[in-house]
Amino acid sequence: MVPAEILKKVKRIEIRTRHLVNTVFSGEYHSVFKGQGVVFAEVRDYQMGDDIRTIDWNVTARMGHPFVKVFDEERELTVMLMVDASASADFGTVAQMKGEIGVEICALLAFSAIQNNDRVGLIIFTDDVEAFIPPKKGKKHVLRVIRELLYFRPSRRGTDIGAALDYLGRVTTRRSVVFLISDFMDSGYEAALRVANRRHDLVTIALKDPREAVLPDVGIVELEDAETGEEILVDTSDSALRTSFARFSQEAVEARDRLFRTVGIDTIDVNTNASYVEPLMQFFKMRARKIRI
């Protein structure tokens, strides 16, 4: 039985994200993510300017005057949410943990999808795939996805993005829109990323916290690697150490961004010290411009 506290959180997230979907993101999702093709809808009388390649010659021969075929966009999409639940997601020095923000973003994307009659699926991973919910439609299903994200407690602490992408390739038989939500504190997933991007419309959402980029001057502190448990004492009053830490963090982000650009993947950067609404809106606007070009 799901605890009452989790149900309250689900309701709170539903109210917040449904409001954003109905106001801020109204129409944005539909215009950016197109269907997988076209399907035949009907025939109608030929009109001046119609493409002659759409003429239905069988109906035209029977009726004695030109008819054309009309096609509609096949709107239904499959949206897969891939969520990194490794131990580093339980980190945040502002208002929320990275993982908590990831859940809200998933809820917003899921409600946007079902509003457009799309299917939503979920993969939760650490250094192994720990949960999979097959894609389905409907509000009831989306609420189940949100409950799973809130209620889920990983059994492992590490991160293996490559293994998660390989799993995606085994369980998805059709091209999907895939949102990969992680802090990307991992390596060795380049090949799997390329394969997944060829098969799907892959979008990465990179979660980060200010303290992962800048080490404050607070004297001697003990730092622990959330995923390995390794601990180390550091003197943060050492300016050379702080400079080295910032440079290392910046180089890691730049390397990640170069990889995404090389592979041709759109990415959305989300910080724990700012709203995720603006980065998502910028992404939708950017995608819309690409479609018009």
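Q: How many bridges join strand E6 to strand E7, and which way do the two run?
A: In this predicted model, strand E6 covers residues 177–182 and strand E7 covers residues 201–208. One pairing to look at is Leu180, whose bridge partner in E7 is Thr204. The two strands run parallel, and the number of bridges joining them is six.

Q: Which strands stand at the edges of the open sheet, and why is one side of each left without a neighbour?
A: The sheet has six strands with mixed pairing, in the order E5-E4-E3-E6-E7-E10. From one strand to the next, the twist averages 15°. A strand with a single partner has one side left without a neighbour in the sheet, and the two edge strands are therefore E5 (129–136) and E10 (266–271).

Q: What kind of β-α-β unit do E3, H4 and E4 make?
A: Let's take the strands and then the helix. E3 and E4 run parallel, joined by seven bridges, and Val79 stands opposite Val120 in E4. Helix H4 spans residues 98–115, and together E3, H4 and E4 make a unit that is right-handed.

Q: Through how many residues does a hairpin join E4 to E5?
A: Here the pairing is antiparallel, with five bridges between E4 and E5. Among the paired residues are Phe125 and its bridge partner in E5, Val129. The hairpin that joins E4 to E5 passes through three residues.

Q: Is E4 mostly covered or mostly exposed, and how many of its residues are buried?
A: In the sheet order, E4 stands between E5 and E3. Helix H5 (residues 139–151) also lies across E4, as well as across E3 and E5. E4 is mostly covered, and the count of buried residues among its seven is six.

Q: At about what angle does helix H5 run to E5?
A: H5 lies across E3 (78–84), E4 (119–125) and E5. Of these strands, E5 is the one at an edge of the sheet. The angle between H5 and E5 is about 170°.

Q: Is Ser86 buried or exposed, and what is its relative accessible area?
A: Ser86 sits in the loop between E3 and helix H4. The residues it touches, leaving aside those up to four places away in sequence, are Phe125, Thr126, Arg157, Gly158, Thr159 and Glu227. Buried means under 20% relative accessible area, so Ser86 counts as buried, at 1%.

Q: Which side chain makes a polar contact of 3.0 Å with that of Ser86?
A: A good place to look is among the residues that Ser86 touches, including Arg157, Thr159 and Glu227. The 3.0 Å polar contact joins the side chain of Ser86 to that of Glu227.

Q: What covers the buried residues of helix H6?
A: H6 spans residues 161–171, and its buried residues are Ile161, Gly162, Ala164, Leu165, Tyr167 and Leu168. At the start of the helix, a side-chain oxygen of Asp160 comes within 3.3 Å of the backbone nitrogen of Gly162. The cover over the buried residues includes E3, E4, E5, E6 and helix H7 (190–199).

Q: Which percentage of contacts between residues at least 6 apart in sequence join residues at least 24 apart?
A: Stepping back to the whole protein, there are nine helices and ten strands. Of the 293 residues, 43% are buried, and the C-alpha trace spans about 90 × 45 × 35 Å along its principal axes. For contacts between residues at least 6 apart, the share that join residues at least 24 apart is 75%.

Methods: Residues are numbered from 1 along each chain as its sequence is written. This is a predicted model: local features need pLDDT of at least 70, side-chain atom pairs count only at pLDDT 80 or more; totals for chains, interfaces and linings use all residues. Side-chain values use heavy atoms; hydrogens and water are left out. Two strands pair if DSSP finds at least two bridges between them. Helices (H or I, at least four residues) and strands (E, at least two) are DSSP runs, numbered from the N terminus. Axes are lines fitted to C-alpha atoms, for helices over the stretch in contact, and angles run from 0 to 180 degrees between N-to-C directions. Contact means heavy atoms within 4.5 Å. Buried means under 20% relative accessible area, exposed over 50%, partly exposed in between (1.4 Å probe, protein chains only). A polar contact is a pair of N or O atoms within 3.5 Å; within protein, one must be able to donate a hydrogen and the other to accept it, and residues adjacent in sequence count only if both atoms are side-chain atoms. A crossover is right-handed if, with the strands pointing away from the viewer, the path from the first strand over the helix to the second runs clockwise.
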